[in-house]
Amino acid sequence: MDLLQQIVARAKANKQRIVLPEALEERTLTAADKVLADDIADIVLIGASAEIHALADKLGLTHIDKATIIDPENNPKSEEYAALLAELRKKKGMTIEQARELVKNPLYLGCMIIKTEGADGQISGALSTTGDTLRPALQIIKCAPGITCVSGGMLLISKQKQYGEDGVLVVGDVAVTPMPDADQLAQIAVCTAQTAKSVAGFADPRVAMLSFSTKGSASHEVVDKVIEATRLAQEKAPELKIDGELQADAALVPSVGEKKAPGSSIAGHANVLVFPNLEVGNIGYKLVQRLGDAIAIGPILQGIARPVNDLSRGCSVDDIYYMVAITACQAMDAKK
């Protein structure tokens, strides 16, 4: 069973309620139908019921009746949600009138459903920008306890089975925070290790904090940041197996790790890689994907109290299908 099949199996074994606010987008509705057919998650669709069913009929979908459909223009909980949203945002000057309009926005409505425990996670992005996806999540659901920095994790599946966890690596940040300071980088490390456990199923995440230096081989303020981030991550999560600063080869190749970082339990055995900034992370994973013929799955948003994930606007039906399963796995972990 490959990693994606394992993720689907875990989601199916403990079904979560996932909101799809872009229900009138054809790929999204098709993916929802497939999720419902395979009994992977309970789906909440946001949109007018007649329009959703008309589109389902046009696409030949036969399982949409299993979904819960909430019409933002005719929602009996609208006033309840508006009052709560206005309360949550009163320090920012939000009025009840503004809140009433916002809870008609499917992205805001989905987050309100999660906030009031009517669902466990949300996925959008087939039609919406990353900013539009994140804004209501951060305003309503907010960050997880102890976290102030949202980041993006990525699953990399390589044919080189000797690296990571049988060829699987979890890396971050590849999507959100351009220039994290030491504390933010520490948070990214903790969150990426959590993604490795909850999504990739790693029983033993081993985190390498990457740099162009290994254990003092170079001196620079950006190296100092990685060293400080490693220390802070150890404080935040004392149980976490983590080491840094490590160069990529020292993190992944046992012979190099032994030479460059003797005595390190992580060097040469890392299965989680934390990049020093977004520029390095984004470039790095795309090079591995294209030149190394690796499969890249994500980004998976990390650090939000309940999972809210972002899709590429060029996503496929399968991308959405598997992201539902990934979000379900995150939701299970968030409840612990």
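# Exercises on two sheets and their surroundings

Five strands make up an open sheet with parallel pairing, in the order β3-β2-β1-β4-β11. The model is predicted, so local features need pLDDT of at least 70 and side-chain atom pairs count only at pLDDT 80 or more, while totals for chains, interfaces and linings use all residues. Residues are numbered from 1 along each chain as its sequence is written, and side-chain values use heavy atoms, with hydrogens and water left out.

A few terms first. Helices (H or I, at least four residues) and strands (E, at least two) are DSSP runs, numbered from the N terminus. Two strands pair if DSSP finds at least two bridges between them.

## Exercise 1: the parallel sheet

Find which strands are the edges of the sheet β3-β2-β1-β4-β11, and which helices pack on this sheet.

Step 1. The edges are β3 (68-70) and β11 (308-310), each of which pairs on one side only. From one strand to the next, the twist averages 20°.

Step 2. Take one pair as an example: β2 (residues 42-46) and β3 run parallel and are joined by three bridges. Within this pair, Ile-46 has Ile-70 in β3 as its bridge partner.

Step 3. Now add the helices. Helix α6 (residues 106-115) packs on the sheet and touches β1 (17-20), β2, β3 and β4 (121-124). The direction of α6 makes about 165° with that of β4. Helix α13 (residues 317-334) also packs on the sheet, touching β1, β2, β4 and β11, and its direction makes about 150° with that of β4. Contact here means heavy atoms within 4.5 Å. Axes are lines fitted to C-alpha atoms, for helices over the stretch in contact, and angles run from 0 to 180 degrees between N-to-C directions.

## Exercise 2: the mixed sheet and strand β5

Work out the strand order of the six-strand sheet, then describe the surroundings of β5.

Step 1. The order is β8-β7-β9-β6-β5-β10, in an open sheet with mixed pairing. At the edges stand β8 (241-246) and β10 (295-302), each pairing on one side only. The twist averages 20° from one strand to the next.

Step 2. Look at the neighbors of β5. Strand β5 (residues 151-157) pairs with β10 in the antiparallel sense over six bridges. In β10, Gln-302 is the bridge partner of Ser-151, and Ile-295 is the bridge partner of Ile-157. With β6 (residues 168-172), β5 pairs in the antiparallel sense over five bridges. Leu-156 stands opposite Leu-169 in β6. As background, strands of a sheet pair through backbone hydrogen bonds, either parallel or antiparallel.

Step 3. Sort the side chains of β5. Ser-151, Gly-153, Leu-155 and Ile-157 point one way, Gly-152, Met-154 and Leu-156 point the other way, and all are buried. Buried means under 20% relative accessible area, exposed over 50%, and partly exposed in between (1.4 Å probe, protein chains only). Seven of the seven residues of β5 are buried, so β5 is largely enclosed by the rest of the structure.

## Exercise 3: two helices that pack

Determine how α2 and α3 are oriented, and which residues meet.

Step 1. Helix α2 (residues 26-38) and helix α3 (residues 49-59) pack at an angle of about 80°, and their axes are 10 Å apart. The two helices are therefore roughly perpendicular to each other (angles under 35 degrees count as roughly parallel, over 145 as roughly antiparallel, 65 to 115 as roughly perpendicular and the rest as oblique).

Step 2. From α2, Glu-26, Leu-29 and Thr-30 meet Ile-52, Leu-55, Ala-56, Lys-58 and Leu-59 of α3.

## Exercise 4: cysteines without a bond

Explain why Cys-191 and Cys-329 are not in disulfides.

Step 1. The structure holds zero disulfides, a disulfide being a pair of cysteine sulfur atoms within 2.5 Å.

Step 2. For Cys-191, the closest cysteine sulfur is in Cys-149, 7.6 Å away, which is too far for a bond. Cys-191 is buried, with a relative accessible area of 9%.

Step 3. For Cys-329, the closest cysteine sulfur is in Cys-191, 17 Å away, again too far for a bond. Cys-329 is buried as well, at a relative accessible area of 3%.

## Exercise 5: placing a residue

Locate Thr-214 and list what this residue touches.

Step 1. Thr-214 is found in the loop between β7 (206-210) and α9, and is buried with a relative accessible area of 4%.

Step 2. Not counting residues up to four places away in sequence, Thr-214 touches Glu-245, Leu-246, Gln-247, Ala-250, Lys-260 and Ala-261.
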